[in-house]
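Subject: Structure handover

Hello,

I am passing this structure on to you. Please open it first, then read the notes below.

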Amino acid sequence: MCSVVGYVGNEYSRKFVLEGLSRLEYRGYDSAGFACIDPDNNRLMYAKSEGKLQRLVSLLEKEPIDGFAGIGHTRWSTHGASSEQNAHPHFDCEKLISVVHNGIIENHTELRHQLEKTGHTFHSETDTEIIAHLFESSLSVRKELPEAIVHLVQQLQGAYAFISLLNAHPDTMVLVRKRSPLCIGLGDGQMFVASDMLAFAGKTRNVIFMPDESFALVCKDSVELYRFDGTPIAVSVQEVDVTWDMYEKQGHDHYMLKEIYEQKTAIHDTVDFLHSVKDRIWDDMGMSAKQICALDSINLVGCGTSWHAGYIGKFFFETIAMLPTQLHLASEFRYLPFFPVKNNMFLAISQSGETADTLEAIRMVNEFQIPTVALTNVSSSTMVRESEGFVLTQAGREIAVASTKAFSTQVTALYWMAHRIACEKKIINTSQLESAQHDLLVAAEVLENTIENYKLSIIKDLAPRYARYKKMIFLGRHNSYPFALESALKLKEIAYILATAYPAGELKHGPLALIDADTPTIIFSHQDPLIYQKLVGNVQEVKARGGHVIAFAFEGQKELCDLADTVFEIPRVKSMLGPLAMTGLMQFFFYAIAKELDRPIDKPRNLAKSVTVE
Ligand code: M6R
C-alpha cells in the first residue's frame, strides 16, 4: 500500500524522508512526492513525480528543495491513475495545507460534491485531496488545530493514516490515524514519522504506536496525542530493537532470493520460539486450556498466500487435532452471513497483521462470543492489538512483495498448533509433539537442500526453457492442491505468466480442454500411496493428450518420474509436510524464470506488500 513518512527537527528533512520512503517503497511504487516548509519564508514547497521513487530523487537533485519539516509519500493507486497529478502530497485551494495519506476515504464522492458546491477546486482524482480541502474548511470555522481536526475527522469515513504540514504551523506535523498504522520515532531534537517503523529503524529505539482513532501534533521536542473527540491521551513510548542493516539484501540480487534462503533459519526460529512458549501458549492466545479442550471446530481466515497456508493448515487441524475446520477468504467472509457456533475459535492468518480485509474479519467476529487469535509475523501489528490473542511466527521482516518465508513459517506454526491442541486434548502425547517439531526441522532441511541440488540446472537449463511459455496449469491433490494454488500465485505475481491451479481430480471436468504442447502442467505429488496413485492417473490423462509435464515428485515415485518431461525429486518427509519440503525449490524455480524474463521481482507491477485498503 502507500507509505507516508515525515520528519521535523534540527536537521534538514529531505534526506531522511527519501531514505525512509526508499525503505518502504515495497508498499507501493506508482508515484512519489515530497513537501517541506521553506525555512526562509515558512511556505510550503513540493515536488512529485509519476513512477518509482528514483524519479522523484532525480527531480529533487535538479530542484533541491528542503526544510526542517518535511513529508513524503509513495503511492499504490486506488483512486485515479498513476500520474503526477494524482501523486501525493495534495493541497487545499490556497496550497497552504499539504497532505500525504495511506488508506481510503470511503465517502469521498459525497464530500467532493459538497466541497465543490462551496467553491473548492480540485486538481486530482484522488480521495486524499478531499482531506486537504476539508481541513481548510474546518480551519475556517475552528481556529485551533485540535478543534479543527476533531471537526475534520467527524466528516471522514474509511480507514486512513495521514500526515499534514501547514503553512500556518511550520514547526508542527499533524498526524491522524484510523484503522491504518502510523508511528512516531522519538529522537533528540527530532521526530520521525512513518506508516512503518522500518523507515526510521536505526535512528531511534523509542517509538509511539498511535492508537486507533487518534491524532497527534508532533514538533521537534514534543508529541501531543488526542482521541478523535479531542480528549488528550497519555503518550506511551515503547522501546524497540531494530536496525536497518538487518534488512539489507546482503549480497543477493533480490530480497526474494535472500528470503527464500532464510527459510530454513526462519522455520528453526519459529519452532524454537513456539517450543519456548508451549506452556503459556493458551495465555498468549487469550484462551484457557479448558476452552481449548472444549473446542469442537476452528475457523481460519486470510488473504492470498496466508489463505493458502491456512488451506494447508485445515488438513493439519482436521487430521491431527480432529477439529472440523472452515476456511474463509477474508475479502469474501465479510460480506457473507456468519453463523457463530459455540466452542469455536477464529484464527486470522496474516504475515503483516495489517491486511484490511483480514482485520475487518477479526473486527466482525469480535462482536460475537468467539475467541479471535492472530497468527502473524509482526508482534506490533494492529491484528495483535485487536485480536483477543496471538501466535507469532519468526520469519523476520519480509520485504519482497512475493511471500516466501512468511508462507513457510505460517505452515510451520499451523502444524505445530495442530499438534499442541491435539496434545492438550490428549489425542497425542508430549513425545509426539516433540517428534512433530523434529519433523518440521527435517522438512526445513529438505526445503533448503533441494534448492542446492537443482540450482545449477534451473539457472542454466530449466529457467530459460520454461520462461518461454505464456501459460501453465498447476495440479495437486489433498494438501498439495493448496500448495499448487500458492505456486500458481508465485508464478503469476513475479513472472507475469498466466497460471491456473486445480485439484487434479477436477481435470476431466473441464480444464483438460486446455492441455496442449504449449501449456506445461506442473504437478505436485503426495506421499500417501493412494493419493499418489490418483495423481499418476491424472498425469497419464495429460500425457495422453500431448501435454508436457513437470513433476515435483518424492523419492521413489518412479511411475510419476517416468511419465514426466521434467522431474524434481524431493527426499521424503513426514507425509503432511510434503508441501513445506517442496516450498524452497518451487519458489526458486519461479524466481529464476522471473529473473530470466527480467521482471522487477521484488516489486511486481501493480502490487504492494501490505494491502491495507479493501
Ligand atoms: O500480510 P498478509 O499475509 O495478510 O498479506 C496477505 C496477502 O496480501 C499476501 O499473502 C500476498 O498474497 C502475498 N504477498 C503474495 O505473495
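A search of the whole structure, which is a predicted model, turns up 1 cavity of 30 Å³ or more. Its volume is about 60 Å³.

Which residues line the largest cavity? Cys-2 is one of them. A run of neighbours follows: Arg-75, Trp-76, Ser-77, Thr-78 and His-79. His-88, His-101 and Gly-103 also take part. Thr-126, Asp-127 and Thr-128 complete the lining. By class, the lining of this cavity has 2 nonpolar, 8 polar and 2 charged residues.

Next, the open space. The largest pocket has a volume of about 860 Å³. It is lined by 40 residues. Closest to its centre are Met-197, Asn-377, Val-378, Ser-380 and Arg-397. The pocket lining divides into 14 nonpolar, 13 polar and 13 charged residues.

Now the sheet. An open sheet holds 8 strands, in the order 3-2-4-1-10-9-11-15. The pairing is antiparallel. Which strands stand at the edges? They are strand 3 (44-50) and strand 15 (238-239). Each has a single partner strand, so one side of each is left without a neighbour in the sheet. For strand 3, look at its pairing with strand 2: the two run antiparallel over 7 bridges. To find your place there, go to Ala-32, which stands opposite Ser-49 in strand 3.

Two helices lie across strands of this group. Helix 1 lies across strand 1, strand 2, strand 4 and strand 10. Its angle to strand 1 is about 155 degrees. Helix 2 lies across strand 2, strand 3 and strand 4. Its angle to strand 3 is about 135 degrees.

Is helix 1 mostly covered or mostly uncovered? Helix 1 (residues 14-24) is mostly covered, with 8 of its 11 residues buried. The buried residues are Arg-14, Phe-16, Val-17, Leu-18, Gly-20, Leu-21, Arg-23 and Leu-24. What covers them? The cover includes strand 1 (3-9), strand 2 (31-37), strand 4 (69-75) and strand 10 (190-194). Helix 2 (53-62) is also part of the cover.

If you want a route through the model, begin at helix 1 and its buried residues, Phe-16 and Leu-21 among them. Move on to the strands that helix 1 lies across. Follow the sheet out to strand 3 at the edge. Finish at the largest pocket, with Met-197 among the residues closest to its centre.

Best wishes

Notes: Residues are numbered from 1 along each chain as its sequence is written. This is a predicted model: local features need pLDDT of at least 70, side-chain atom pairs count only at pLDDT 80 or more; totals for chains, interfaces and linings use all residues. Side-chain values use heavy atoms; hydrogens and water are left out. On a 1 Å grid over the protein atoms alone, a cavity is a set of points where a 1.4 Å probe fits but cannot get out, and a pocket is an open set with protein on both sides within 12 Å along at least five of seven lines; lining residues have an atom within 4 Å of a point. Grid points are joined across faces, edges and corners, and a volume is the space filled by probe spheres set on the points. Ala, Val, Leu, Ile, Met, Phe, Trp, Tyr, Cys and Pro count as nonpolar, Asp, Glu, Lys and Arg as charged, and the others, Gly among them, as polar. Buried means under 20% relative accessible area, exposed over 50%, partly exposed in between (1.4 Å probe, protein chains only). Helices (H or I, at least four residues) and strands (E, at least two) are DSSP runs, numbered from the N terminus. Contact means heavy atoms within 4.5 Å. Two strands pair if DSSP finds at least two bridges between them. Axes are lines fitted to C-alpha atoms, for helices over the stretch in contact, and angles run from 0 to 180 degrees between N-to-C directions.
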